[in-house]
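Trainee: Got a minute to go through a structure with me? I'd like to start with the basics.

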Amino acid sequence: MGRWEPNARGRLEEAALALYGEHGYDRTTVAEIARRAGLTERTFFRHFADKREVLFGGSALLQDLLTSAVADAPATAVPLDATARALEAVGAVFEGRHAHARRRQAVIDANAELRERELIKLATLATTLAEALRRRGVPDPAAALSAEAGIAVFKVAFERWLRDGLQSLSHHIRESLDELKAVTAGR
């Protein structure tokens with residue numbers, strides 16, 4: 001193996017997803033992932049702390065997107081509208097990645113530890129979103145309620161998108177947010 005291999009991170013992610021699908025998450029080792037990717041275990045650990053992080057490595061990017069989108073929302077945007085902008089920014093990351101997202105979610109759904117990690121990730125995103133809203137001057141409990149509702153909207157939209165695959169995730173986010181607004185308006 002050469003000292004430098006192009007797209008090592010992507011190859012490791014693809015190898016891990018394939019092996020998780022074939023053998024299950026618990027029965028797949030880091031050594032097998034590295035071997036399937038044509039890389040070393042050392043290279044794996046340069047990119048990921050452990051085999052779980054292959055599935056959750058993009059969390060920091062999502063947090064940054066949420067924070068930036070809320071900060072960039074028009075000053076006149078109410079908290080839920082600023083939240084919607086942030087969710088749509090996150091939704092754009094998933095464009096063209098439907099098949100990958102479905103495979104990833106199947107691995108997570110099949111493992112209790114990974115489902116718990118996914119819930120922790122969503123809670124962290126809600127905290128990030130609430131903090132971004134507070135920096136805009138949104139007081140509590142409005143900041144916390146908007147953030148938690150936003151993450152609930154994202155979760156429902158993501159599940160719909162995984163099943164549908166025809167419409168964009170952003171479409172499902174807007175549709176789910178409209179349904180939340182209708183529910184809270186008593187319609």
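Mentor: Sure, let's go through the fold, the surface and the inside.
Mentor: This is a predicted model, where local features need pLDDT of at least 70 and side-chain atom pairs count only at pLDDT 80 or more, while totals for chains, interfaces and linings use all residues. Residues are numbered from 1 along each chain as its sequence is written, and side-chain values use heavy atoms, leaving out hydrogens and water.

Trainee: Okay, how many helices and strands does the protein have?
Mentor: 10 helices and zero strands, counting DSSP runs of H or I with at least four residues as helices and runs of E with at least two as strands, numbered from the N terminus.

Trainee: What box do the C-alpha atoms fill?
Mentor: Roughly 60 × 30 × 25 Å, taken along the principal axes.

Trainee: And what share of the residues is buried?
Mentor: Of the 187 residues, 40% are buried, meaning under 20% relative accessible area with a 1.4 Å probe, protein chains only.

Trainee: New topic: which residues line the largest cavity?
Mentor: They're L66, L87, V90, L125, I151 and F154. A cavity is a set of points on a 1 Å grid over the protein atoms alone where a 1.4 Å probe fits but cannot get out, and lining residues have an atom within 4 Å of a point.

Trainee: What volume does that cavity have?
Mentor: About 30 Å³, as the space filled by probe spheres set on the points.

Trainee: Which helices supply at least two residues each of its lining?
Mentor: α6 (79–93) and α9 (142–164).

Key. 1 Å grid on protein atoms, 1.4 Å probe; cavity = no way out; pocket = protein on both sides within 12 Å on 5 of 7 lines; lining within 4 Å. Buried < 20%, exposed > 50% of the residue type's maximum accessible area, 1.4 Å probe, protein only.
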